[in-house]
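Welcome! Here is a friendly walk through a protein and DNA model, one part at a time. Please have a look at the sequence and structure below before reading on.

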There are 4 protein chains.
Amino acid sequence: MSGSQERPLRADAARNRARLLDVATEVFTTRGVDVPTEEIARAAGVGVGTLFRHFPTKEALLAAVMVRRLEAIAAGTAELAAGADPAEAFFDCFRLVVDRSAGKNEFTQALAAAGVDVHASLQESTAAIRDRLAGLLAGAQRAGAVRADLGLPELLALLVGTGTTMEQLRDDPAARERIYEVVFDGLRPR
Amino acid sequence: MSGSQERPLRADAARNRARLLDVATEVFTTRGVDVPTEEIARAAGVGVGTLFRHFPTKEALLAAVMVRRLEAIAAGTAELAAGADPAEAFFDCFRLVVDRSAGKNEFTQALAAAGVDVHASLQESTAAIRDRLAGLLAGAQRAGAVRADLGLPELLALLVGTGTTMEQLRDDPAARERIYEVVFDGLRPR
Amino acid sequence: MSGSQERPLRADAARNRARLLDVATEVFTTRGVDVPTEEIARAAGVGVGTLFRHFPTKEALLAAVMVRRLEAIAAGTAELAAGADPAEAFFDCFRLVVDRSAGKNEFTQALAAAGVDVHASLQESTAAIRDRLAGLLAGAQRAGAVRADLGLPELLALLVGTGTTMEQLRDDPAARERIYEVVFDGLRPR
Amino acid sequence: MSGSQERPLRADAARNRARLLDVATEVFTTRGVDVPTEEIARAAGVGVGTLFRHFPTKEALLAAVMVRRLEAIAAGTAELAAGADPAEAFFDCFRLVVDRSAGKNEFTQALAAAGVDVHASLQESTAAIRDRLAGLLAGAQRAGAVRADLGLPELLALLVGTGTTMEQLRDDPAARERIYEVVFDGLRPR
DNA sequence: CATGAATGAGTATTCATTCAT
DNA sequence: GATGAATGAATACTCATTCAT
């Protein structure tokens with residue numbers, strides 16, 4: 001399934017790659033994508049050359065960060081989707097996607113752009129998530145837990161938007177919980 | 001109304017300023033804030049020098065654009081707030097804020113940052129809107145049209161987030177309408 | 001004939017442009033094209049930004065340098081070609097082209113590459129020179145001053161090669177003169 | 001013959017060294033000296049480390065390539081010089097040098113720089129060729145086959161220049177032949 | 001010995017801002 | 001006031017060379 005040939009990667013190289021991804025995730029998430037590559041490299045304790053050896057362009061680094069997050073989300077939803085109750089599965093996944101997407105927006109939005117102009121490397125992961133969400137939505141609607149007139153595009157948009165909402169309430173968990181109540185209530189059939 | 005001392009401004013200067021604001025609004029909204037100043041100036045039919053005479057930094061230009069939008073929003077909410085029914089006033093204002101905030105997100109979000117790290121020049125306008133929204137929220141809650149446990153921060157966050165949601169559905173008015181139904185439903189007490 | 005619209009250019013801007021061209025000509029000619037743009041800018045007494053305002057890429061600067069040289073050569077050959085004796089005109093032009101093409105080779109060769117992969121901006125100038133040389137060659141052959149079996153490609157190649165030869169003898173004018181004798185003798189019919 | 005102390009070199013090491021030289025020759029000749037070392041190493045099927053073990057700097061690799069070519073040329077001229085007729089020997093050697101020097105110019109020119117600023121490692125080979133050419137020239141002049149007023153520097157310069165001329169006519173053997181006629185005719189006394 | 005990962009100085013180019021015209 | 005030329009710090013990316021595995 002995975003197209004690219006990868007040799008095992010030496011221990012130190014793997015460590016550097018991982019650190020770069022970690023640092024980049026942190027940095028892109030909290031400060032946006034305009035952070036200089038040099039700073040990312042420095043924060044990861046490597047030279048710029050190393051960064052560019054692992055990720056040939058800044059965009060590739062960004063894509064790699066995204067892929068990792070998306071895959072984590074995909075894995076999470078897969079697990080939740082296995083649960084018995086469709087309604088519960090749906091709402092739990094909604095939370096999971098929103099919670100795991102936290103961060104600077106420009107960055108998060110790639111999720112919804114799915115299938116359009118997204119970098120090829122993201123296609124696979126976003127498609128997987130989209131499919132899963134489509135399934136969950138249908139299930140929840142069949143179970144009567146979600147308004148029947150809602151399509152996948154609206155759901156995706158709502159996920160992104162709710163992410164933004166939550167971002168504003170970073171420091172107030174109680175308020176975030178109230179937002180979930182509002183949104184989930186709104187999603188249920190009247 | 002405006003706090004600072006301004007001399008009248010010659011007719012052509014005023015015209016240039018206005019064109020710059022119009023162009024900048026259009027450009028920042030549709031293409032984000034990374035557009036070069038030079039391009040904005042050219043689109044406005046003036047030299048960069050003129051742009052910088054009117055707005056000492058790019059950030060100042062951005063702030064001015066924001067202020068104008070915020071004032072328009074403030075004016076709109078003022079009008080709506082005058083209407084009789086608190087519930088209707090509240091929901092109409094919610095729509096108005098979201099609709100008028102449309103555009104590249106990074107840009108829009110300044111709204112919710114209200115009172116925190118926003119550029120000083122925005123304080124006044126955002127404060128006005130915040131106060132108005134606080135009033136409307138209280139009114140709607142008193143009227144039993146909105147859940148009582150919702151605070152102003154949640155409302156502001158929701159406004160921003162809904163703006164983002166809508167941005168994803170730019171081209172699908174029906175879907176946008178469904179989103180409003182979801183959010184408004186969610187806002188009502190169970 | 002000249003396609004591009006150019007406004008007069010302010011006095012200082014024109015001066016800077018000229019200085020940049022002069023410096024670049026000198027530098028590219030003596031040290032090759034790998035000299036950093038910053039160094040050229042510094043030598044011309046301007047900032048890098050100015051260099052890039054006048055010439056959007058380093059390649060464009062190189063092209064501009066070439067064009068100027070080629071146009072000077074074209075003008076020179078035009079004058080010489082007007083002279084009465086075809087044989088004299090031909091040999092004088094040969095000298096002129098070689099002498100004026102002096103410098104790092106990679107650079108000079110553009111002449112012969114004419115019509116192939118040369119930067120568009122050079123096409124016009126090289127074409128002009130080529131045409132002129134074709135005419136001179138034909139004339140000299142008609143006058144019996146040059147072997148009849150020689151085509152334009154050989155002439156062009158010989159011009160470039162002779163330039164290289166001369167470059168090796170930069171500091172020995174007498175030797176250079178002897179080279180001209182050799183080449184010119186060789187060009188005459190046996 | 002080789003001045004420096006070298007231990008025998010293991011079989012595989014020798015093979016690697018040879019492949020590197022072959023690849024580098026090909027690559028420098030056809031694409032110039034700006035090709036990255038990494039690419040040369042890859043083309044030779046070894047890691048960069050290996051390249052740098054055999055040749056401490058890129059320049060050293062370039063020098064080694066040159067030396068090998070120069071030694072081949074020297075060997076060739078030695079053979080030809082042994083022939084009876086001095087005139088024939090001279091002209092045959094001229095051809096041989098030019099033909100064997102083919103390739104990107106910047107690279108070839110090192111030949112003529114002989115004795116001046118050339119890398120120390122080339123001194124020996126260039127000196128050998130120079131001496132041989134000096135001998136051939138003197139012989140041909142004594143035999144009345146070449147103008148008496150021509151010195152070794154002119155000959156060397158002419159060799160390089162003719163190489164450049166030929167490079168322009170890479171694909172036209174007939175034209176190349178005509179160039180040889182021109183140059184050889186020019187070299188003969190009037 | 002061979003490998004290829006790591007390094008970091010170096011390079012072209014952009015862009016907010018200043019200032020001479 | 002308006003203009004747009006000049007400025008130079010900043011930034012992504014490359015590549016010869018070193019060194020841990």
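## Around DNA strand F

DNA strand F is surrounded by 33 residues, and the closest of them are K58(A), T50(B), N16(C), T50(C) and R53(C). Of the atoms of DNA strand F that come within 4 Å of the protein, 68% belong to sugar and phosphate. A residue is called near a molecule or strand if one of its heavy atoms lies within 4 Å of it.

Now for some polar contacts, meaning pairs of N or O atoms within 3.5 Å; within protein, one must be able to donate a hydrogen and the other to accept it, and residues adjacent in sequence count only if both atoms are side-chain atoms. In T37(A), a polar side-chain atom lies 3.0 Å from a phosphate oxygen of DNA strand F. Backbone atoms take part as well: a polar one of T37(D) is 2.8 Å from a phosphate oxygen of this strand, and an N or O atom in the backbone of G47(C) lies 2.8 Å from a phosphate oxygen of DNA strand F.

Which element gives the most to the surface near DNA strand F? That is α3(C), with five residues. At least two residues each come from α1 (11-31) and α3 of chain B, α1 (11-31) and α3 of chain C, and α3 of chain D. By type, the residues of this surface divide into 12 nonpolar, 13 polar and eight charged. Here Ala, Val, Leu, Ile, Met, Phe, Trp, Tyr, Cys and Pro count as nonpolar, Asp, Glu, Lys and Arg as charged, and the others, Gly among them, as polar.

## How to read the model

This is a predicted model, in which local features need pLDDT of at least 70 and side-chain atom pairs count only at pLDDT 80 or more, while totals for chains, interfaces and linings use all residues. Residues are numbered from 1 along each chain as its sequence is written, chains are lettered from A and ligands numbered from 1 in the order in which they are written, and side-chain values use heavy atoms, with hydrogens and water left out.

## Around DNA strand E

For DNA strand E, 34 residues lie around it, and N16(A), T50(A), R53(A), K58(C) and T50(D) come nearest. Sugar or phosphate holds 65% of the strand E atoms within 4 Å of the protein, and the rest belong to bases.

R53(A) places a polar side-chain atom 2.2 Å from a phosphate oxygen of DNA strand E. In the side chain of K58(B), an N or O atom is 2.8 Å from a phosphate oxygen of this strand. A base is reached too: a polar backbone atom of G49(D) is 3.3 Å from a base nitrogen of DNA strand E. The largest share of the surface near this strand comes from α3(A), with five residues. The residues of that surface are 12 nonpolar, 14 polar and eight charged.

## Chain A and its copy

Chain A has nine helices and zero strands, where helices (H or I, at least four residues) and strands (E, at least two) are DSSP runs numbered from the N terminus. Of its 190 residues, 46% are buried, that is, under 20% relative accessible area with a 1.4 Å probe, counting protein chains only.

A turn of 178° and a shift of 0.0 Å along the axis lay chain B on chain A with an RMSD of 0.3 Å. This is the relation of a two-fold axis. The superposition is by least squares on the C-alpha atoms of residues with pLDDT of at least 70 in both copies.

Technical notes: Buried means under 20% relative accessible area, exposed over 50%, partly exposed in between (1.4 Å probe, protein chains only).
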